[in-house]
Amino acid sequence: MSSSSMRSFEYLESLPGTVFNRLYKQPSTALAIFRRMLPQLAKSFVMAMLYMSRPLPVEDLDTWVCPGSRREQDTAIDLLERLQILKRTAEPNKPRSYVLTNPFAASLRQALTSGGNHKSFGVPSRTRVEDEVTIPQLDEFARRQWEGVLGYMVGSTGVGLNDEGAKLSLSVKHLLKYGRLVEIRGRSVDITQDGFAFVLQEVNAQVWTILILYLENAEELGMDRVDVLSFLFMLGSLELGQGYSKANLTDTQLQMLLDLGDFGIIYQNTPDSDSYYPTRLATTLTSDAGALRSATAGFDTALRSSNDDKGFVVVETNYRIYAYTSSPLQIAILSLFTRLSTRYPNMVSGKMTRESVRRAINMGITGDQIIDFLYTHAHPQMRKNANFLPPTVVDQIRLWQIEGERMKSTVGFLFKDFLSAAEYEGPCQYAGDIGVLKWKNDAKRMFFVTRHEHVAAYLKSQKEKRREGG
């Protein structure tokens, strides 16, 4: 599961059952969750059971999976249950069985067969030729707005941009502050550690991060979060370049058009127009297209408007940096941890110093994030070497960071008090397999994880199996 899928899954997992029931009444939502959030094995289970007229016994489902893949089977079943797509049935004198929940199953069947008159995939509008918006125009609008958001975070808004640059609304700035992506002190805007990690994400993950923040803030704005979620999932199924009617949208969704327009996700000719256009940021919401690593170069790839996906940063062993870019956004990111000294039309140069790197670290940016940025954007000439980032530079960045820290804390959960080694080894190994294990002590039968839900579900399933076997 991609990072953006994981973030949206974690939010969905926290919702009560009544919200799922309303959500799954929309075929577009059922199809989006099926496409984006389920691993291949879970999708196979859903498709195999979608047209079954009776519950599927657990023993029959077990025969679909190789004996060596039981762990993957348990993970898939656990995920389906947590998303309330699958449920267990236990009737007297009948074997324990699984059944797909309704309305998810009914909505997915509708989505796959194009049945019904639900209009959950949008209603195309009839736009006059002179009012039509082209795909290049949508791409340029999305680029300008999204780079405006990133530029505001790193302090480059208005630097080298023309008068048509993005103008961020107060609601956008509030959302970035609410999500702790920036800290606002008077007139100063400082990017945080989470904000810098956000800038380094692929574009689709960035968009989902913003949308989850929007969802978490929706109720404070008096919005129905089911309407918000339904509309977001619908956007991922719309066609780029096609206008859609506002006639069937709720009041909450009409307000969303204005808010999402600030981020470049939706385009409207005017706020009072009868139609809206999804940009490429919207139509890829439920897509698993290739990751986009950077803010500018990655966005170019996302909008398919540039074939130049090369790195631009040269790092020397004397800590000097040469960046072959004219992007105000990339220059502003570099200036967070570099003392820039010279600027040409297509290049800037500077030097990483203890003071410049420590300033970035004091803002919450980590040494590993700086190294990751330099690694991601290394110039092709540097990539010809095996270790294309000078080891002396990498080591010194880490040394500058540990000058101010001697301990690192990790939020998580401790599992202990296992009665036997066999009882301890199973969940410990499972935690390691799914990537949540941070520390373990086999002698004391203790282990520490960053997330407990999967491990708790595993322990519960093992307990039920022992009960049935006993």
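In this predicted model, the buried residues of helix 17 are covered by several elements, including strand 11, strand 12, helix 18 (367-376) and helix 19 (391-402). Helix 17 itself spans residues 354-362, and the residues tucked away there are S356, V357, R358, A360 and I361. Right behind helix 17 comes G364, and its phi is positive, near 105°.

Two of the elements just met, strand 11 and strand 12, lead straight into a sheet. This sheet is open, has four strands in the order 9-10-12-11, and pairs in the antiparallel sense. At its edges sit strand 9 and strand 11 (339-344), each of which pairs on one side only. Ignoring direction, neighbouring strands here are turned by 15° against each other on average. As background, the strands of a sheet are held in pairs by backbone hydrogen bonds, and the pairing can be parallel or antiparallel.

Walking across the sheet from the strand 9 side, the first stop is a hairpin. Strand 9 and strand 10 make up this hairpin, with four residues between them. In the turn, Y319 shows a positive phi of about 75°. Strand 9 (residues 313-315) runs antiparallel to strand 10, and three bridges join the two. One pair to look for in the structure is V313, which stands opposite A323 in strand 10.

Strand 10 (residues 320-323) is a nice case of a strand with two faces. I321 and A323 make up its covered face, whereas R320 and Y322 are on the uncovered one. On its way to the next strand, strand 10 pairs with strand 12 (residues 347-351) over four bridges, again antiparallel. Here R320 has K351 of strand 12 as its bridge partner.

Strand 12 also pairs with strand 11, and this antiparallel match has five bridges. Among the residues involved, L340 finds its bridge partner in G350 of strand 12. A helix joins the picture as well: helix 16 (residues 328-335) packs on the sheet and touches strand 10, strand 11 and strand 12. The direction of helix 16 makes about 155° with that of strand 11.

A second sheet turns up further along the chain. It is open too, with three strands in the order 13-15-14 and antiparallel pairing. Strand 13 (413-415) and strand 14 (437-441) take the edges with a single partner strand each, so one side of each has no neighbour in the sheet. Neighbouring strands of this sheet are turned by 15° against each other on average, with direction ignored. Strand 14 and strand 15 (residues 446-449) line up antiparallel through four bridges. Within that pair, W439 stands opposite F448 in strand 15.

Back among the helices, which residues of helix 9 are buried? In helix 9 (residues 170-178), the answer is V172, L175 and L176. Looking down the axis of helix 9, these buried residues fall within an arc of 100°, so they line one face of the helix. Their cover includes helix 8 (135-154), strand 4 (182-185), helix 11 (203-218) and helix 13 (251-262). Just past the end of helix 9, R180 takes a positive phi of about 55°.

Helix 4 (residues 40-49) can be read in a similar way. Its buried residues are A42, K43, F45, V46 and M49. Around the axis they cover an arc of only 160°, which puts them on the same side of helix 4.

What about the cysteines? A disulfide is a covalent bond between the sulfur atoms of two cysteines. The structure holds zero disulfides. Two of the cysteines can still be placed by their surroundings: C66 has a relative accessibility of 53% and so counts as exposed, because the cut-off for exposed is over 50%. C428 has 5% and therefore counts as buried, because buried means under 20%.

Stepping back to the protein as a whole, the secondary structure comes to 21 helices and 15 strands. Of the 470 residues, 49% are buried. The accessible surface of the protein comes to about 23,700 Å², and carbon and sulfur atoms account for 49% of that area. Finally, how do the contacts spread along the chain? Among contacts with a separation of 6 or more, 68% are between residues 24 or more positions apart.

How values were computed. Residues are numbered from 1 along each chain as its sequence is written. This is a predicted model: local features need pLDDT of at least 70, side-chain atom pairs count only at pLDDT 80 or more; totals for chains, interfaces and linings use all residues. Side-chain values use heavy atoms; hydrogens and water are left out. Buried means under 20% relative accessible area, exposed over 50%, partly exposed in between (1.4 Å probe, protein chains only). Two strands pair if DSSP finds at least two bridges between them. Contact means heavy atoms within 4.5 Å. Accessible areas come from the Shrake-Rupley method with a 1.4 Å probe; for residues, only the protein chains shown count as cover. Axes are lines fitted to C-alpha atoms, for helices over the stretch in contact, and angles run from 0 to 180 degrees between N-to-C directions. The arc is that of the directions from the helix axis to the C-beta atoms. A disulfide is a pair of cysteine sulfur atoms within 2.5 Å.
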